[in-house]
Amino acid sequence: MEGFPYDPRDALRLLRGLPGDVRLHEPLCRHTTFRIGGPAWCFFVPRERSAFVEAISRARAEGIPWFVLGGGSNVLFPDEGFPGLVIATKGLRSLEPDGPRIFAEAGVPLPVLVSRGFPALAGIPGTVGGAVVMNAGTREGSISRHVLAVEVLGHDGLLHRIPAAECGFSYRSSRLKRLHLPVVGVELAASVDEGPSATELLRRRRDSQPVGLPSAGCVFRNPPDAPPRVG
Ligand SMILES: Cc1cc2nc3c(=O)[nH]c(=O)nc-3n(C[C@H](O)[C@H](O)[C@H](O)COP(=O)(O)OP(=O)(O)OC[C@H]3O[C@@H](n4cnc5c(N)ncnc54)[C@H](O)[C@@H]3O)c2cc1C
């Protein structure tokens with residue numbers, strides 16, 4: 001591909017032996033809710049957590065630019081595309097209830113989590129990993145209030161379990177985002193939200209927003225003294 005710094009064969013070599021789907025020059029517009037974005041030099045959908053971690057580790061070691069993509073509901077890629085490896089988490093969908101806690105892999109769709117007792121997050125597209133990094137939420141609450149710990153791939157190449165108190169959650173952001181840490185999975189408290197039901201929140205959203213049209217949700221930051229009406 002013209003303008004891309006690496007030979008496509010290097011992508012196949014980089015990902016050799018890793019279970020997952022590899023696509024060269026995949027148009028990113030197919031993977032974003034804005035439906036915008038040119039091709040990625042290489043697009044990888046790992047099927048296992050270990051392949052996700054290994055792909056990032058290899059890209060880091062070779063100095064190849066990489067980007068972790070969740071549901072693509074809060075990203076805007078340029079028409080030129082991404083000159084490196086895009087690793088999509090959508091193949092990592094295991095959700096393991098374990099007594100008072102749930103472990104969700106990064107690619108679990110947020111609506112699946114909502115159906116397990118987190119109605120306050122109803123209507124937010126994307127994945128659990130993206131939601132934690134962005135501290136996604138609605139007027140009824142943000143995901144951070146359910147998070148016990150986040151498993152990340154550290155800059156040292158090792159997996160770390162970061163307790164929620166050290167994740168630096170703030171309004172639609174986190175320390176994980178600022179430090180560019182890949183989220184592998186999230187440990188959540190298996191409690192049921194009080195407040196409006198998911199059905200009610202979805203109805204409010206349908207009544208007030210053009211659901212289904214290309215977008216990334218809110219574009220402007222809400223002023224601190226005027227919380228959002230819905231999302
Ligand atoms: C119609 C619509 C409505 C929306 N409503 C809301 C709302 O009510 N409230 C709200 O908070 N947001 C809302 N959003 C925005 C968006 O859905 C959230 O920010 C969502 O949490 C993004 O998750 P994602 O998986 O799609 O992340 P992506 O868009 O794929 O990625 C967003 C960022 O997170 C990073 N990222 C994703 N996964 C990982 C991972 N596993 N590890 C490390 N980094 C990762 C990406 O690199 C990128 O920087 C809306 C968007 C749309 C399109």
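The accessible surface of this chain comes to about 11400 Å², and 56% of that area belongs to carbon and sulfur atoms. Keep in mind as you look around that the model is predicted.

What lies beneath that surface? Of the 231 residues in the chain, 45% count as buried. If you trace the backbone from end to end, you will pass six helices and 11 strands. The radius of gyration of the chain is 18 Å, close to the 17 Å that the globule rule gives for 231 residues, so the chain is as compact as a globular protein of that length. Along its principal axes, the C-alpha trace spans about 55 × 40 × 30 Å.

Next, consider how parts of the sequence meet in space. Take the contacts between residues at least 6 apart in sequence: 60% of them join residues at least 24 apart. Charges can be looked at across the whole chain too. There are 27 positive and 23 negative charges, and the mean positions of the two groups are 4 Å apart.

Now let us zoom in on one residue, Val22. You will find Val22 in strand β1, which covers residues 20–27. Is Val22 buried, partly exposed or exposed? Its relative accessibility is 29%, and because buried means under 20% and exposed means over 50%, Val22 counts as partly exposed.

Which residues does Val22 touch, leaving aside those up to four places away in sequence? They are Leu12, Leu15, Cys42, Phe43 and Phe44. You can also look for Pro46: Val22 and Pro46 are 24 residues apart in sequence, with 8.4 Å between their C-alpha atoms in space.

Notes. Residues numbered from 1 in each chain as written. Predicted model: local features only at pLDDT ≥ 70, side-chain atom pairs only at ≥ 80, totals over all residues. Heavy atoms only, no water. Helix = DSSP H or I, 4+ residues; strand = E, 2+ residues; numbered from the N terminus. Rg over C-alpha atoms; globule rule 2.2 N^0.38 Å. Buried < 20%, exposed > 50% of the residue type's maximum accessible area, 1.4 Å probe, protein only. Contact = heavy atoms within 4.5 Å. Areas by Shrake-Rupley, 256 points an atom, 1.4 Å probe, with all protein chains shown as cover. Lys, Arg positive; Asp, Glu negative; His and termini not counted. Charge placed at Lys NZ, Arg CZ, Asp CG, Glu CD.
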